[in-house]
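User: I've got a few labels I'd like to poke at. Can we walk through the backbone oddities together?

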Amino acid sequence: MLVPISWLREYVALPNETDAIAHRLAMLGFPVAAIERRPRISGVVSGRIESVDKHPNADRLLVARVEVAREQPLTIATAATNVAAGQRIAVATIGAKLPQLAIEARTMRGVASQGMMISADELALPSDWFEDGIMQLDAAVEPGLDVVELFGLETDVLDVEVTANRPDAMSILGLARELAASYGAGLRLPPLQNPGILEEPPDEQTSISIESPDCYRFVAQRFDGVAVGPAPAWMRVRLALAGQRPINNLVDVSNYVMLETGQPLHFYDAAKVANRRLVVRSARDGERIVTLDGVERNLGPQALVIADDRQPLGLAGLMGGATSEVTAMTTAILLESANFNGPRVRRMSAALGLRSEASSRHEKSLAPALTDLGAARAAALLDDLGAKAYRPHVAGAPLTAAQPIALRASNVERLLGLAIPAERIADHLRALGCRVDANAEGTLSVTPPPWRRDLTIAADLVEEVARIEGYDRIPAVVPSVPAHEISSAAFDLENALAARLAGLGYHEIVTHSLRATGDAASVEVRNPISEEHRFLRDSLAPGLIEHFAGAQTPARAFEIGQIFRRSDEHIVEQTALGFGFSAVRGDEPPWRDSAFLRLKGDCEALLRAVTGRVPEIVPGESSGFHPGKTGIVTIDDTTLGIIGCFDPRLTKARNLAANAYLCLLDVGAIPPYATPQYRAPSRFPSTYRDLALVVATSVHARAIERAVSDVLGGLCTGVAVFDEYRGAQVGDGRKSLAVRITMQRFDTTITDEEADEAIARVLDAMRERFGATIRA
Amino acid sequence: MTDLAEELRRLHERFNAAAESAGDEEALEEARVAYLGRNGEVTVLRRTIGTLSPQERPGAGKAINDAVSTMEARLAELRARFETRAFDEELAASIDVTFPGTPSGMGSIHPVRRILADACTFFTRHGFAVVVGPEAEPDYYNFDALNIPSEHPAREGFDSFWLTETMLLRPHTSPMQIRTMQRHKPPVAIVAPGKCFRRDAVDARHLFQFHQVEGLLVAEDIHFGHLKGMLTGLCRELFGPNQSVRFRPSYFPFTEPSAEVDTTCPKCAGRTASCNMCGGSGWIELGGSGMVHPSVLREVGYDPERYSGWAFGFGVERLGLARYEVDDIRRFVSSEPDFLRQLS
């Protein structure tokens, strides 16, 4: 809310520096989002127009004589047309400094003009919020007063943020009270005694009927002898400085009281309220209302209305209706100062898509005690305007004091780590309006003030004490953390994967979890922020491929993040890892893809590092992947994920010219690191034989390796297929695999004869199992 | 005797000629083998000693040994010369060390992970564990258990993405407080990093998908001063040893007392009125914190009379803006190669 400092100063003495006040508010829990620095204005005084005459030499100019409490009235020429003898106006005297100009003596068409009568615009007020031409002051303003001082024009305006628990502080008085407590200064309250003592005639009694549990208290008060017109200048200026457009004296009084006290009010034209009876009830199906913003609204039972015996007159806590609106004809009004269930107001506001200054307060659940206070303050202001105030009517629950809260000084120290004497604690709380009684044991009994609904437990009071004491005063201490048994394994694994992949040359990316497309198993957001982000991703692949497409040059990337899908009515969430690269196909035969092998090598290195085991990649299929270049990543027959070349049709569809090679793993399926057992190597030398085996193309390299191990058992210390050839020399449907078999004994040196005999056994087995022949 | 001496002299001469003419170490080795090897000329000659008279044998043996020593010394000398020459040649080489290096294909960690890891390392050093949890959470963990019942005005501050009637994408990492405390008896000391979602309009300062790091310490005798101590330490870890931290009162339903945490603007340290990082205030906002609300402790079965604790939650990308002086928060989800390269 916008808070002119000059308005605050009316209730509490404050330092001169705006920044100091803003800082103090921030340190009380009310951060200042912005400071509007008002221009400096001097030399403007109030004046009374003694006479207005035509300018002798110019048809469009007038010459006024203006009394400004000096020996001689000033002679001022003006082009304004809204001036007349008897008016009180603001005069910029010779030497005055205005935001746009400095006033000097000058002659206008032969008349020496000793100053200038000024408009709101020249005082840096929004000109379309005030009358055209010269700004009119109130008849009671004595000539010769400093207008800047009179209206608090020389002020900065703070844009103060108030948290949702403090609707009481969404008011000038509320913030003044906070500052007074913090500075240890006194609080000067405005008149809060309701002057309404007139009794309504028995046949004209105002009555209130609360027919909804969501209205807790309702104060209604009648005022007669009302003349609708502009509000006093001081009030209009003050409202304008606070960002509230002046409308007329009645609307302005209700806005003024809301800004000042935090209690929203509403005025009804008393003549338009049937039987002077106000009913608070839920709207009936099919009921309609035209609200003050001119919109006709259909109401349902969720709406809470204030009605008379005929129709809804307004939406409770939200906005009044047009039928009972105050107009220029209004002579008598009914004031409403009420308290409603906050959530009910918020629901209605959300359902109707309508918010107002009033609802922004009501929806945070105001204190019922504010109703009487708001009515009293409005009555005092209306009394000043000459209205006749009747005795207020009150309906709803009687006001009761809050339950006292027990607070021990040790409690404060326990939570804050700062020892504050009980007497000082009591002082802080009293400064905020609490009633504090100390019992013999040193326990304080604290009764929160009626306007604070947020103080219900001791911890709430501890915060109040800390705020007034100052959070800065609490010493910073590094705790010694007691032992516990909570594991960091999941986070450690993610970081280990990330570190290893970075070491393998992959760049980590973070992409959007919410995507434009999905399928039947996708999790859909009910209230998406845009169509681009309607579905939760069920794979990291699209994000990676878009990254490759955007990177222009071949890119290597990985992402670790949550993926989602729907299973029955449940949302299944998984931590996924995706890594891979884009690669332009090299000059290779169709049966070889070195890019795949590079990715596989990285996958093996990665999983070896975090699990202590080398994964097995078995042929497989997965939607979105190339049918002939896809493997399933497994460890101990547990599936960890997919590795392969992405379907080139899909990569093309995402504007990626190159192929994409991806490994997609379920991080939760990765087994923990298996501590290996060391085996000392043989002291005896090893020997190896290289074979070129010709087999059918359907025979997998890994099958050959396994078969060799099977046949040789412990004699074989290594077997690896290291080359593949296909072509005319081996014939159609056949391929030649180069295999290196390493043999070694632990008890003696292996002889050539022994090795040759072992290889012969291998060849027999290869022939038998795979129909292998030795390549010539 | 004379024959052998004469033979040895001539042989020595031939050896000298062969050694001298050897152009490299390999040729020299050939010469060695030819004269001193298993079937070399000197070895062959030595075998003739047996044919001499016993009186002649010692003299002949000595003569041959002397000749062998001389030859070996000569070979060593020549070998050393070759080695020196080889080193001289190698050392004569010179390259342009300013020529661009060949990249070794190093990858990188995303700056968000780096910040999270650095923050978590600070806490693990002090005995905290790091826990992670789901992003789709029931409203119970997001709100109800955190003392934000439905209809609570504070729910408005969490404009959330809803997935079902009760499930939503977590708007903060605070559900991990509840999950952890329900699973473990006190004491608990955790940090919980993770991705969060709020329906915020995206601009240079806002993302609808962002990361938070949550912290929670609940034990006996834990107070607000401990919160200040740890968060001051964290900021110094992330931004440098001169960092100040400021705590301002605020409101969160799940903490009481509550505080907003600010730290000195790492860019201008409050010295530049026009600083685009802090808007000239000299402070940047890190997030919320406070003492865990007694209702939250009771909800998870902890006795608030016995245990107390604090919690905090910071926006990680916001930390990143300040730490790396990034101009636009959207870069953290853009994965621009240049952004990743610069911050790797």
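Analyst: Here is a short run through the backbone oddities.

Analyst: This is a predicted model, where local features need pLDDT of at least 70, side-chain atom pairs count only at pLDDT 80 or more, and totals for chains, interfaces and linings use all residues. Residues are numbered from 1 along each chain as its sequence is written, with chains lettered from A and ligands numbered from 1 in the order in which they are written.

User: Why is A:Ala124 called partly exposed?

Analyst: A residue is buried with 20 or more other C-beta atoms within 10 Å of its own, exposed with 12 or fewer, and partly exposed in between; C-beta atoms are placed from the backbone. A:Ala124 has 16 C-beta neighbours inside 10 Å, so it counts as partly exposed.

User: And what makes B:Glu151 partly exposed?

Analyst: B:Glu151 has 14 other C-beta atoms within 10 Å, so that label fits here too.

User: What is odd about phi at A:Ala124?

Analyst: A:Ala124 isn't a glycine, yet phi is positive, about 60°. B:Glu151, also not a glycine, has a positive phi of about 80°. Most residues other than glycine have a negative phi, and most peptide bonds are trans.

User: Which peptide bond involving B:Pro187 is cis?

Analyst: The one joining B:Pro186 and B:Pro187, with omega about 5°.

User: What is omega for the peptide bond from B:Glu256 to B:Pro257?

Analyst: That cis bond has omega near -5°.

User: Where does B:Pro257 sit, and what makes that a strand?

Analyst: B:Pro257 is in strand E7 of chain B, residues 255–264. Strands are DSSP runs of E with at least two residues, helices are runs of H or I with at least four, and both are numbered from the N terminus.
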